[in-house]
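Here's a walk through the empty spaces, a loop histidine and some ring pairs in one protein chain. Pull up the viewer and follow along.

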Amino acid sequence: MKTIGLIGGMSWESTAHYYRILNQETAARLGGLHSAPVLVDSLDFAPIAELQSAGKWDEAGALLNRSAMRLRAAGAEVIGLATNTMHLVAEQMMAGVYAPFVHIADPTADALLTDGFKTVGLLGTRFTMEMGFYRERLEQRGLTALIPEVDRTNLNGIIYDELCLGIVREESRKVYVDAIARLAARGAEAVILGCTEIGMLIDDAVSPLPVFDTTDLHARALVGAALA
């Protein structure tokens with residue numbers, strides 16, 4: 001099994017979930033006492049969040065490129081970025097990093113198409129919802145991605161002010177459930193949890209639509225790439 005290099009810390013809450021899923025999936029595939037060979041470069045999220053807010057994406061991309069370089073130099077053979085939003089700078093991040101990169105949107109698209117869905121709701125940070133990089137990648141696979149028409153500020157605030165801090169509130173769960181219900185009314189057949197923290201709040205038990213959790217799908221795809 002190849003060594004997985006994971007760029008994490010954005011937030012550390014979801015990175016912890018990645019580590020658990022990577023090892024659970026490895027054990028399920030290989031059995032016995034097998035676990036995943038993983039290198040994690042866990043970054044400080046505060047300065048990255050400031051760069052996001054300031055629109056300084058080139059600086060953020062350079063920071064992540066240094067992280068990917070460190071992982072490659074340490075022996076990582078497959079690279080994963082444990083956040084949806086920062087895939088905006090994925091190309092810059094991987095410049096000069098000679099290792100396979102698993103883009104978080106790709107296993108999500110694979111799962112949606114396998115299950116026969118074509119029109120999906122996309123929830124995430126306001127950057128993921130409003131900037132085209134994520135939806136365009138889904139559209140290249142033949143998917144139509146709908147984003148909420150209202151409450152995007154509230155949805156974004158719940159991620160940064162609560163979930164990234166490990167705070168899970170029933171009131172916030174209701175905000176997300178309501179957003180999913182409105183997406184369903186507009187024709188969404190399923191919903192993408194397009195932020196790696198939203199799975200702390202929403203699952204199939206509470207969602208009005210089938211849920212596709214990018215954290216889970218991405219981590220499992222990284223194991224698949226490491227075993228290929």
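Which residues line the largest pocket?

## The largest pocket

Bear in mind that this is a predicted model. The lining of the largest pocket is made up of H87, L88, V89, A90, E91, Q92, H103, F133, E136, R137 and Q140. Two elements, α4 and α7 (132-139), each give two or more residues to that lining.

As for volume, the largest pocket holds about 160 Å³ of space. Sorted by class, its lining residues come out as 4 nonpolar, 4 polar and 3 charged.

## H103, a pocket residue in a loop

One of the residues lining the largest pocket is H103, so let's look at that histidine. H103 sits in the loop that runs between α4 (90-93) and α5 (105-114). Is H103 buried or exposed? With a relative accessible area of 7%, H103 falls under the 20% cut-off, so H103 counts as buried.

What does H103 touch? Set aside the neighbours within four places in sequence, and H103 is in contact with H87, R137 and H218. Of these, H87 and R137 are also in the lining of the largest pocket. On the polar side, a polar atom of the H103 side chain lies 3.0 Å from the backbone nitrogen of A105.

## The cavity

Now for closed space. How many cavities of 30 Å³ or more turn up in a search of the whole structure? The search finds 1. About 90 Å³ of space lies in the largest cavity.

The lining of the largest cavity has 13 residues, and M10, F45, T83, T125 and E197 are the ones nearest its centre. Elements giving two or more residues to this lining are α2 and α8. By class, the cavity lining splits into 6 nonpolar, 6 polar and 1 charged.

## Helix α8 and what covers it

Since α8 helps line the largest cavity, it's worth a look in its own right. Helix α8 covers residues 152-161, and its buried residues are L155, N156, G157, I158, I159 and Y160. Which elements cover those buried residues? Among them are α2 (45-54), β4 (119-123), α6 (126-130) and α9 (170-185). Notice that α2 shows up here and in the lining of the largest cavity too.

Helix α9, part of that cover, also contains E170. At 56% relative accessibility, E170 is over the 50% cut-off, which is why E170 counts as exposed. From E170 to S14 is 156 residues along the chain, and their C-alpha atoms are 19 Å apart.

## Aromatic pairs

How many aromatic pairs are there? The count is 4. One of them joins F117 and F212 edge-to-face, with 5.7 Å from centre to centre and 80 degrees between the planes. This pair links distant parts of the chain: F117 is in the loop between α5 and β4, while F212 belongs to strand β7 (residues 211-213), 95 residues apart. F117 and F212 are both buried.

Another edge-to-face pair is F133 with Y134, at 6.1 Å centre to centre and 90 degrees between the planes. Both of these rings belong to buried residues. F133 brings us back to the start, as one of the residues lining the largest pocket.

Technical notes
Residues are numbered from 1 along each chain as its sequence is written. This is a predicted model: local features need pLDDT of at least 70, side-chain atom pairs count only at pLDDT 80 or more; totals for chains, interfaces and linings use all residues. Side-chain values use heavy atoms; hydrogens and water are left out. Buried means under 20% relative accessible area, exposed over 50%, partly exposed in between (1.4 Å probe, protein chains only). Helices (H or I, at least four residues) and strands (E, at least two) are DSSP runs, numbered from the N terminus. Contact means heavy atoms within 4.5 Å. On a 1 Å grid over the protein atoms alone, a cavity is a set of points where a 1.4 Å probe fits but cannot get out, and a pocket is an open set with protein on both sides within 12 Å along at least five of seven lines; lining residues have an atom within 4 Å of a point. Grid points are joined across faces, edges and corners, and a volume is the space filled by probe spheres set on the points. Ala, Val, Leu, Ile, Met, Phe, Trp, Tyr, Cys and Pro count as nonpolar, Asp, Glu, Lys and Arg as charged, and the others, Gly among them, as polar. A polar contact is a pair of N or O atoms within 3.5 Å; within protein, one must be able to donate a hydrogen and the other to accept it, and residues adjacent in sequence count only if both atoms are side-chain atoms. Rings of Phe, Tyr and Trp (its six-membered ring) pair if their centres lie within 6.5 Å; planes under 30 degrees apart count as stacked, over 60 as edge-to-face and the rest as tilted.
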